Amino acid sequence: MRFVPLIVARPEIQMAMDEAILKARIEGKVEDTVRLYIFKPSSITIGRFQSVEYDVNLEKCKELGIPVVRRITGGGSVFHDQYGEITYSVIIGEDFHESLRNVDESYRFLASPLVEAIKELGLDGRFSGLNDIVANGKKISGSAQTRKKGVILQHGTLMYATRLDILASVLKVSQKKLQDKGLTSIWERVTTLEREGVKLSREEVYALLKMKFFEKFPLKEDKLTDYELELVEMLIEEKYGNESWNFQR
């Protein structure tokens with residue numbers, strides 16, 4: 001398996017990279033791949049079938065210079081703080097492990113390095129629901145997934161120092177969703193490593209996550225191929241850099 005080292009880039013580039021790797025993997029041109037990356041500037045990604053207007057405060061995003069890009073995976077809207085969040089993605093064939101054929105089990109299998117990293121820091125890390133990870137009972141990570149032709153793309157977050165005040169201002173959090181969980185505000189539901197008393201630099205979080213993924217998978221470092229980079233350029237032009245994709249109803 002291939003590990004692609006940390007890439008810091010705009011959201012349309014990051015989402016195009018994940019899909020380019022997926023396409024190349026489906027075509028048998030590349031190996032199963034894990035990568036870690038950071039959105040710069042801070043960005044919002046929204047789920048494949050979400051309404052931007054319903055889930056995102058676009059005025060606040062414009063004021064703060066936060067771009068919005070639509071993913072090809074499901075799930076909800078996510079604020080990716082360039083100063084406090086690292087995203088992982090795994091592109092892998094369903095035949096890699098028996099648990100990958102079951103959606104519930106696959107989420108846990110592929111995101112397990114994050115749980116191990118949280119536990120190593122002395123926090124109570126565990127899975128919650130289908131695709132969330134909690135630390136000391138509060139959400140610290142969410143993942144989303146898509147499957148095509150026997151290959152899975154799963155990507156997700158780890159909030160180590162996300163500015164939750166900005167998160168709360170740019171995402172429209174459903175009060176009903178909070179009430180259904182017995183909560184009154186997002187502050188009761190979401191946390192970061194820093195809020196739980198673990199203050200780490202980006203470099204330290206990256207090194208820890210990288211180590212945990214290397215413990216889980218037979219990885220070796222490598223870069224994206226020229227073919228993948230050509231796909232990235234095409235996908236930015238045709239999809240992720242295009243308002244008709246990002247803001248479709």
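## Report on strands, helices and a pocket

Thr45 has Val78 as its bridge partner in strand β5. The model described here is predicted. Thr45 and Val78 serve as the starting point for an account of the sheet pairings, followed by the helices, the loops and one pocket.

**The three-stranded sheet**

Strand β3 covers residues 43-46 and is joined to β5 by 3 bridges, the two strands running antiparallel. Both strands belong to an open sheet of 3 strands with the order β4-β3-β5, in which the pairing is mixed. The edges of this sheet are occupied by β4 and β5 (78-80); each has a single partner strand, so one side of each is left without a neighbour in the sheet. On average, and with direction ignored, neighbouring strands of the sheet are turned by 25° against each other. In general, the strands of a sheet pair through backbone hydrogen bonds, in either a parallel or an antiparallel manner.

**Strands β2, β6, β9 and β10**

A further set of pairings links β2, β6, β10 and β9. The table lists them together with the β3 and β5 pairing.

| Strand pair | Sense | Bridges |
|---|---|---|
| β3 (residues 43-46) and β5 | antiparallel | 3 bridges |
| β2 (residues 33-39) and β6 | antiparallel | 5 bridges |
| β6 (residues 85-93) and β10 | antiparallel | 9 bridges |
| β9 (residues 138-148) and β10 | antiparallel | 6 bridges |

Individual residue pairs place these strands in register. Arg35 has Ser89 of β6 as its bridge partner. Val90 is bridged to Gln154 in β10, and Ala144 stands opposite His155 in β10.

How many residues of β6 are buried? The strand is mostly covered, with 9 of its 9 residues buried. Glu85, Thr87, Ser89, Ile91 and Gly93 point one way from β6, whereas Ile86, Tyr88, Val90 and Ile92 point the other way, and all of them are buried. Ser89, the partner of Arg35, and Val90, the partner of Gln154, thus point in opposite ways from β6.

Strand β10, residues 151-159, is likewise mostly covered, 9 of its 9 residues being buried. Both of its faces are covered: one side carries the buried residues Val151, Leu153, His155, Thr157 and Met159, and the other carries Ile152, Gln154, Gly156 and Leu158, also buried.

**Turns and loops**

Strands β9 and β10 form a hairpin with 2 residues between them. Lys149 lies in the loop between these strands and has a positive phi of about 50° although it is not a glycine. Its relative accessible area is 76%, so Lys149 is classed as exposed, the cut-off being over 50%.

Asn136 is another residue that is not a glycine and yet has a positive phi, about 50°. Its place is in the loop between β8 (132-135) and β9. With a relative accessibility of 38%, Asn136 counts as partly exposed.

The loop between β2 and β3 contains Pro41. A cis peptide bond joins Lys40 to Pro41, with omega at about 5°.

**Helices α1 and α9**

Helix α1 (residues 11-26) comprises 16 residues; from its first C-alpha to its last it reaches 23 Å, close to the 22 Å expected at 1.5 Å a residue. Of these 16 residues, 13 are buried, so α1 is largely enclosed by the rest of the structure. The helix is followed by Gly28, whose phi is positive, near 75°.

Asn246 is found in helix α9. Is this residue buried or exposed? Asn246 is buried, with a relative accessible area of 5%. Asn246 and Val52 are 194 residues apart in sequence, but their C-alpha atoms are 8.2 Å apart in space.

**The second largest pocket**

Helix α9 also takes part in a pocket lining. The second largest pocket has a volume of about 250 Å³. It is lined by 15 residues, of which Ile66, Pro67, Val68, Glu243 and Phe247 are the closest to its centre. At least two lining residues come from each of α3 (58-64), β4 (68-70) and α9 (243-246). Which of the elements gives the most to this lining? That element is α3, with 3 residues. By class, the lining of the second largest pocket holds 8 nonpolar, 3 polar and 4 charged residues. Strand β4, one of the contributors to this lining, is also an edge strand of the three-stranded sheet.

Key: Residues numbered from 1 in each chain as written. Predicted model: local features only at pLDDT ≥ 70, side-chain atom pairs only at ≥ 80, totals over all residues. Heavy atoms only, no water. 1 Å grid on protein atoms, 1.4 Å probe; cavity = no way out; pocket = protein on both sides within 12 Å on 5 of 7 lines; lining within 4 Å. Points joined across faces, edges and corners; volume = space filled by probe spheres on them. Helix = DSSP H or I, 4+ residues; strand = E, 2+ residues; numbered from the N terminus. Nonpolar A, V, L, I, M, F, W, Y, C, P; charged D, E, K, R; others polar. Pairing = 2+ DSSP bridges. Axes fitted to C-alpha atoms, helices over the stretch in contact; angles between N-to-C directions. Expected span 1.5 Å × (residues − 1). Buried < 20%, exposed > 50% of the residue type's maximum accessible area, 1.4 Å probe, protein only.
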